[in-house]
Amino acid sequence: MLLQWLGGKCRRCPQASAEATTGGIGPTHDDITVDAIAEALGVPVVHHPQAVAVLEAYYTTRGGLTEARKRMARVPEGADLIENRMSG
């Protein structure tokens, strides 16, 4: 039900040329935000190659990039990243 609610929020503004979302505190297993937005936009969820590269570099000396951590690189297909100069 929450997935449909979030997706409905995205579908309310069909004239919008962009959707902006922000991240949370980390790679939680139950975060459905990306899935809801992808569903609303009618696109699949993919791992963004630039995000994967940033995470791989960051986690090289911190135990490696696990599948759980890699969830942070999931985006709706076609998404653009906005660089965060403060944290990487």
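pLDDT is the predictor's confidence in each residue, on a scale from 0 to 100. The model is predicted, and the mean pLDDT of the protein is 80, with 67% of its residues reaching 70 or more.

**Overview**

Begin with the whole chain, coloured by confidence. The lowest values belong to helix α1 (residues 2-11), at a mean of 58, and the highest to strand β1 (residues 45-47), at 96. Switch next to a cartoon representation: 4 helices and 2 strands form the secondary structure, and from the N terminus they follow the order α-α-β-α-α-β. Of the 88 residues in the protein, 17% are buried. Among contacts with a separation of 6 or more, 68% link residues 24 or more positions apart.

**Stop 1: helix α2 and the salt bridge**

Select α2 (residues 33-41). A36, I37, A38 and A40 are buried in this helix. Now add D35 and R74, which form a salt bridge whose closest N and O atoms are 2.8 Å apart. D35 lies in α2 and R74 in strand β2 (residues 74-76), so the pair ties together parts that are 39 residues apart in sequence. The two partners may be compared by accessibility: R74 is buried, with a relative accessible area of 15%, whereas D35 is partly exposed, at 26%. A search of the whole structure finds 1 salt bridge. Side chains of opposite charge can pair when their charged atoms come close.

**Stop 2: from α2 towards β1**

Move along the chain to G42, which follows α2 and has a positive phi, near 70°. Then select V43, in the loop between α2 and β1. V43 is partly exposed, with a relative accessible area of 26%. Display P76 as well: its C-alpha atom and that of V43 are separated by 6.3 Å, although the two residues are 33 apart along the chain. Which residues does V43 contact, leaving aside its neighbours within four places in sequence? They are A38, P76 and E77.

**Stop 3: H48**

Continue to H48, located in the loop between β1 and α3 (49-59). Is H48 buried or exposed? Its relative accessibility is 14%, under the 20% limit, and H48 therefore counts as buried. Show the side chain of H48 together with the backbone of A79: the side chain reaches the backbone oxygen of A79 at 3.5 Å. Beyond the neighbours within four places in sequence, H48 is in contact with A73, V75, A79 and L81.

**Stop 4: helix α3 and the nonpolar core**

Select α3 and show its side chains. A51, V52, L55 and Y59 are buried in this helix. These residues cover an arc of only 100° around the axis, which puts them on the same side of α3. Rotate the view to the other side of α3, where P49 and A57 are exposed. What covers the buried residues of α3? The covering elements include β1 and α4 (67-70).

Finally, add A73 to the selection. With A51, V52, L55 and Y59, A73 makes up the largest nonpolar core, which has 5 residues in all. Within this group, A51 touches A73; A51 also touches L81, when residues up to four places away in sequence are not counted. In soluble globular proteins, nonpolar side chains tend to be buried together. To link this stop with the previous one, display H48 again: A73 and L81 are among its contacts.

Conventions: Residues numbered from 1 in each chain as written. Heavy atoms only, no water. Salt bridge = Lys/Arg side-chain N within 4 Å of Asp/Glu carboxyl O. Buried < 20%, exposed > 50% of the residue type's maximum accessible area, 1.4 Å probe, protein only. Polar contact = N/O pair within 3.5 Å; in protein donor to acceptor, adjacent residues only side chain to side chain. Contact = heavy atoms within 4.5 Å. Core = buried A, V, L, I, M, F, W, Y, C linked by side-chain atoms within 4.5 Å. Arc of directions from axis to C-beta.
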